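Q: I am new to this structure and would like a close look at a single part of it. Please go slowly and explain the terms as they come up.

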Amino acid sequence: MEARLLNAPIFEPLTRKCLLLPPFSFSRGASIPIDNRSGMRHTRRVLCQAMVSKDTVDISNSPVLDTSIATLGDALAAPPSPPPKRVSADSLQFPPGYLGAVPDRSGSDGGADGLDAMEYLTRILGSKVYELAIESPLQLAPKLSERLGVNIWLKREDLQPVFSFKLRGAYNMMAKLPKEQLEKGVICSSAGNHAQGVALAAKRLKCDAVIAMPVTTPEIKWQSVQKLGATVVLVGDSYDEAQAYAKKRSKEEGRTFIPPFDHPDVIAGQGTVGMEIVRQMKGPLHAIFVPVGGGGLIAGIAAYVKRVSPEVKIIGVEPSDANAMALSLCHGQRIMLDKAGVFADGVAVKEVGEETFRLCKDLMDGVVLVSRDAICASIKDMFEEKRSILEPAGALSLAGAEAYCKYYGLKGENVVVITSGANMNFDKLRIVTELANVGADREAVLATIVPEKPGSFKKFCELVGPMNITEFKYRYNSEKEAVVLYNVGMHMPSELEEMKNRMKASQLETYNLTKNDLVKDHLRYLMGGKSNVENEVLCRFIFPERPGALEKFLDAFSPRWNISLFHYRGQGETGANILVGLQIDKSDMIEFHERARRLAYDYVVVTDDGVFQLLMHT
């Protein structure tokens with residue numbers, strides 16, 4: 001059946017852009033240049049139809065989503081907040097490792113420093129999470145610690161029964177519900193770890209749970225929730241539609257809606273992570289790095305740690321394209337991102353919670369923003385350290401801590417990072433492996449313009465010199481010049497500069513595209529275009545994965561024949577698959593095969609491959 005969300009609210013486009021001046025801080029009392037954009041038309045968001053797994057779900061008359069919650073103390077009587085302004089994530093960016101979005105507390109009335117802070121402390125100490133969750137270990141990361149000169153401690157929330165900290169908050173809230181309320185059941189909306197936490201908590205408490213998930217949720221995720229005994233309803237194309245359905249059904253059936261982060265009992269449950277760190281950590285602690293999505297985890301940790309150890313910094317870490325908390329702190333109020341990056345899907349939140357923001361603006365010490373590449377690098381670091389694979393959101397705080405320590409030259413301190421989850425989508429590992437070395441500054445993506453003539457390719461490779469080429473893409477383009485797109489491995493940034501200088505001295509124009517996501521995501525696979533190259537022979541070779549393999553290949557065939565296509569990607573110790581095109585006259589084929597035999601690399605001629613003819617030849 002079909003579900004529609006009609007009469008979607010009209011959102012006002014961003015009319016004020018937050019422009020930051022050095023040192024990249026934002027204070028409500030400071031003078032900040034504003035980019036006024038007048039005359040911009042309102043736009044209406046159109047949501048498409050979606051299939052659902054149960055009966056027809058009609059949410060066309062759903063009320064406006066109410067994201068406010070019952071908070072502690074006087075906040076219970078507070079009127080609903082006005083709609084948040086919509087802001088672009090690009091309007092606030094910091095250098096890697098810089099601690100920005102430091103809250104301005106000059107006009108603070110104490111916020112969570114009074115009765116509320118004590119009440120949170122009491123709630124955390126009396127939490128029921130240990131009826132189901134474990135006290136996760138705090139482990140030293142010796143390899144990372146030695147490399148950074150800082151003691152990096154890993155708070156292993158990825159070892160929880162559902163491989164995520166989310167179990168704590170969900171169970172703590174549900175365990176405190178009256179028996180009669182539990183008998184009516186619970187409901188939540190989630191496409192990830194929160195869903196599994198609610199499902200397992202419901203199983204432990206023997207109550208009925210309904211989980212609303214977008215129809216785009218991978219099968220492996222909703223099946224894992226279903227196996228825990230919950231009823232899964234696939235509804236809507238987005239999280240917002242799933243949430244609207246869940247809240248509507250909650251009211252209709254009297255079920256308790258379990259929010260992922262914005263509730264005092266959820267926050268208190270997550271706060272037990274901070275309580276454990278204080279108990280487990282021996283010696284002074286410089287900072288705790290916490291991944292931030294809606295803010296429940298960092299709010300809970302800060303509520304406890306700042307009460308018992310106020311000298312410890314509580315630093316949030318967000319993806320640079322999903323920085324709702326940083327922007328909210330800069331604006332002094334909650335904002336809504338116009339779009340949030342989804343690579344770290346566990347923290348892909350457009351708007352932070354109302355209660356979580358109230359706590360964070362009074363308790364946390366700032367935010368570090370990290371790139372997708374840096375997250376991939378930290379996933380690799382964690383694997384090399386503990387042979388564990390974190391999901392992107394789970395490695396977020398580690399990426400932030402590494403960047404922070406490098407930026408400020410921190411040495412000899414104790415630093416804790418929350419490894420918050422390990423529910424990795426297997427298909428995403430391909431992206432992680434492609435970007436990990438780029439994120440660790442051990443690989444660069446470059447483009448060089450070379451003349452289209454015999455021998456130029458070999459000369460180019462000689463100029464690359466001792467640097468290891470990890471990926472290579474070239475396609476014959478015209479009779480004058482061609483563009484080579486390639487990746488090189490490096491140990492020091494100076495190596496890259498020296499190579500670029502060699503290219504410049506030989507009048508080969510070279511561009512560094514390492515930070516260009518468009519190139520890494522798309523253009524690297526679409527080099528060149530359709531061409532009809534005369535006498536082109538297409539072959540697949542298996543290169544041994546060792547230094548000098550490419551040079552040996554080039555010595556065998558260049559400059560004897562012009563190379564018209566080349567695609568190389570290292571695949572590890574088993575070897576690399578190479579697709580190469582050579583302009584060889586039919587009368588020279590015997591010589592080609594003889595040279596290939598002496599080269600002793602496995603190969604096969606695939607010139608007549610139908611897919612290649614379709615996509616690459618005119």
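Q: How are α9 and α11 oriented to each other: roughly parallel, roughly antiparallel, roughly perpendicular or oblique?

A: Before the helices themselves, a word on the source: this is a predicted model, in which local features need a pLDDT of at least 70 and side-chain atom pairs count only at pLDDT 80 or more, while totals for chains, interfaces and linings use all residues. Residues are numbered from 1 along each chain as its sequence is written, and side-chain values use heavy atoms, with hydrogens and water left out.

The axes of helix α9 (residues 296–308) and helix α11 (residues 354–363) come within 9 Å and cross at roughly 45°. Helices here are DSSP runs of H or I with at least four residues, strands are runs of E with at least two, and both are numbered from the N terminus. Axes are lines fitted to C-alpha atoms, for helices over the stretch in contact, and angles run from 0 to 180 degrees between N-to-C directions. Angles under 35 degrees count as roughly parallel, over 145 as roughly antiparallel, 65 to 115 as roughly perpendicular and the rest as oblique; α9 and α11 are therefore oblique to each other.

The crossing of α9 past α11 is left-handed, a word used if the near helix is turned anticlockwise from the far one by less than a right angle, with right-handed kept for clockwise. On the α9 side the contact (heavy atoms within 4.5 Å) is made by Gly-296, Ile-298, Ala-299, Ala-302, Ala-303 and Lys-306, and on the α11 side by Thr-356, Leu-359, Cys-360 and Leu-363. These residues divide into 7 nonpolar, 2 polar and 1 charged, where Ala, Val, Leu, Ile, Met, Phe, Trp, Tyr, Cys and Pro count as nonpolar, Asp, Glu, Lys and Arg as charged, and the others, Gly among them, as polar.

Another helix pair offers a second example of the angle classes. Helix α12 (residues 372–386) and helix α14 (residues 429–439) pack at an angle of about 100°, with their axes 7 Å apart, and are therefore roughly perpendicular to each other. Residues of α12 in this contact include Arg-372, Asp-373 and Lys-380, and those of α14 include Ile-431, Leu-435 and Asn-437. The residues of the contact of α12 with α14 divide into 9 nonpolar, 2 polar and 3 charged.

Helix α12 also lies across β8, β9 (151–155) and β17, running at about 95° to β17. Those strands belong to an open sheet of 6 strands with mixed pairing, in the order β8-β9-β18-β14-β15-β17, two strands being paired if DSSP finds at least two bridges between them. At its edges stand β8 (138–140) and β17 (367–370), each of which pairs on one side only, and neighbouring strands are turned by 25° against each other on average, direction ignored. Within this sheet, strand β14 (residues 287–291) and strand β18 (residues 414–418) pair in the parallel sense over 3 bridges, and Ala-287 stands opposite Val-415 in β18.

As for confidence, pLDDT is the predictor's confidence in each residue, from 0 to 100, and its mean for the protein is 81, with 78% of the residues reaching 70 or more. Over residues 1–78, however, the pLDDT is below 50, and it stays under 50 over residues 110–115.
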